[in-house]
Amino acid sequence: MSVEMKIKGLMIDPVSNMPIIILKSDNGEDVLPIWVGIFEANAIAMQMESIISPRPMTHDLLKNVIEGLEARIQGVEITDLRENTFFAVIRLDLSGRSLEIDSRPSDAMALALRAGAPIRVRRSVLEKSSSPGDESDSQETERLRRWLETVDPSELGKYEM
């Protein structure tokens, strides 16, 4: 089973200086922070800000290729979390045939934004992300989770997708 989530924020982790995408379920009960690379965060931020590049970026190219093949992006799903690494798939419909394409979550989310497709997260991933690892990871995860539950949305940026 999976939960549909929306990108609620894009911020910089003050400790690691890495971008974090904040996913949140519509009911607000589930929150999932995913650390991403700077280029992937930029691609997501550009789409969220409706900034159009003068030439197609990689995610635009991928969307154009998929559409050129007369396929439809049904959605993306974050499917697993192993050793602090998230895994995702892009689900396509190609003339009635379902395809799953392995993807990094950041690329899948950037593509989903461009296609207006849903972003889903497996319940097992949400459970793994909230379960404690070693003591220091557990404390850091709990600190971040508490902060995300109480943060003013304006601190996350103006992203509401």
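**Exercise 1. A salt bridge within a helix**

By about how many helical turns are Lys 63 and Glu 67 separated in helix H2? Work out, too, how covered each partner is.

*Solution.* We are working with a predicted model. Start with the spacing: Lys 63 and Glu 67 are four residues apart in helix H2, so about one helical turn separates them. Next, look at the contact itself. The two residues form a salt bridge in which the closest N and O atoms are 3.1 Å apart, and a pair of this kind counts when the distance is within 4 Å. Finally, check the surroundings. Lys 63 has a relative accessible area of 18% and is therefore buried, since buried means under 20%. Glu 67, with 43%, is partly exposed.

**Exercise 2. Laying out the sheet**

Find the order of the strands in the sheet, and name the strands at its edges.

*Solution.* Begin with the chain as a whole: it has five helices and seven strands, running β-β-β-α-α-β-β-β-α-β-α-α from the N terminus. Now place the strands side by side. Seven of them form an open sheet in the order E3-E2-E1-E7-E4-E5-E6, with mixed pairing. Strand E3 (31-35) and strand E6 (97-103) are the edges, as each pairs on one side only. On average, neighbouring strands of this sheet are turned by 35 degrees against each other, direction ignored.

**Exercise 3. Two partners for E7, two for E4**

Decide for each of these pairs whether the strands run parallel or antiparallel: E1 with E7, E4 with E7, and E4 with E5.

*Solution.* Recall that strands of a sheet pair through backbone hydrogen bonds, in either sense. Take the pairs in turn:

- Strand E1 (residues 2-12) and strand E7 (residues 119-122) run antiparallel and are joined by four bridges; Ser 2 stands opposite Arg 122 here.
- E4 and E7 are parallel, with three bridges, and Val 76 faces Ile 119 across this pairing.
- E4 and strand E5 (residues 85-94) are antiparallel over 10 bridges, with Ile 73 opposite Leu 92.

One more step concerns the turn. E4 and E5 make a hairpin with two residues between them, and Glu 83 in that turn has a positive phi of about 50 degrees.

**Exercise 4. Charges on a covered strand**

Is Asp 80 buried or exposed, and with which residue does Asp 80 form a salt bridge?

*Solution.* First consider the strand: nine of the 12 residues of E4 (residues 71-82) are buried. Asp 80 is buried as well, because its relative accessible area is 18%. Its salt-bridge partner is Arg 82, at 2.8 Å between the closest N and O atoms. Arg 82 is partly exposed, with 45%. Salt bridges with shared partners also join Glu 77, Arg 91, Glu 100 and Arg 122 into one network. In total, the count comes to 12 salt bridges.

**Exercise 5. Covered serine, uncovered leucine**

Compare the settings of Ser 129 and Leu 69.

*Solution.* Ser 129 sits in helix H4 (residues 123-130) and is buried, at 14% relative accessible area. A polar atom of its side chain lies 2.9 Å from the backbone oxygen of Leu 126. Leu 69, by contrast, is in the loop between helix H2 (58-68) and E4. Leu 69 counts as exposed because its relative accessibility is 60%. With Leu 61 and Val 65, Leu 69 forms a nonpolar surface patch that has about 290 Å² of accessible area together.

How values were computed: Residues numbered from 1 in each chain as written. Predicted model: local features only at pLDDT ≥ 70, side-chain atom pairs only at ≥ 80, totals over all residues. Heavy atoms only, no water. Pairing = 2+ DSSP bridges. Axes fitted to C-alpha atoms, helices over the stretch in contact; angles between N-to-C directions. Buried < 20%, exposed > 50% of the residue type's maximum accessible area, 1.4 Å probe, protein only. Patch = residues over 30% accessible without salt bridge, like charges linked within 9 Å, V, L, I, M, F, W, Y side chains within 5 Å. Areas by Shrake-Rupley, 256 points an atom, 1.4 Å probe, with all protein chains shown as cover. Salt bridge = Lys/Arg side-chain N within 4 Å of Asp/Glu carboxyl O. Polar contact = N/O pair within 3.5 Å; in protein donor to acceptor, adjacent residues only side chain to side chain.
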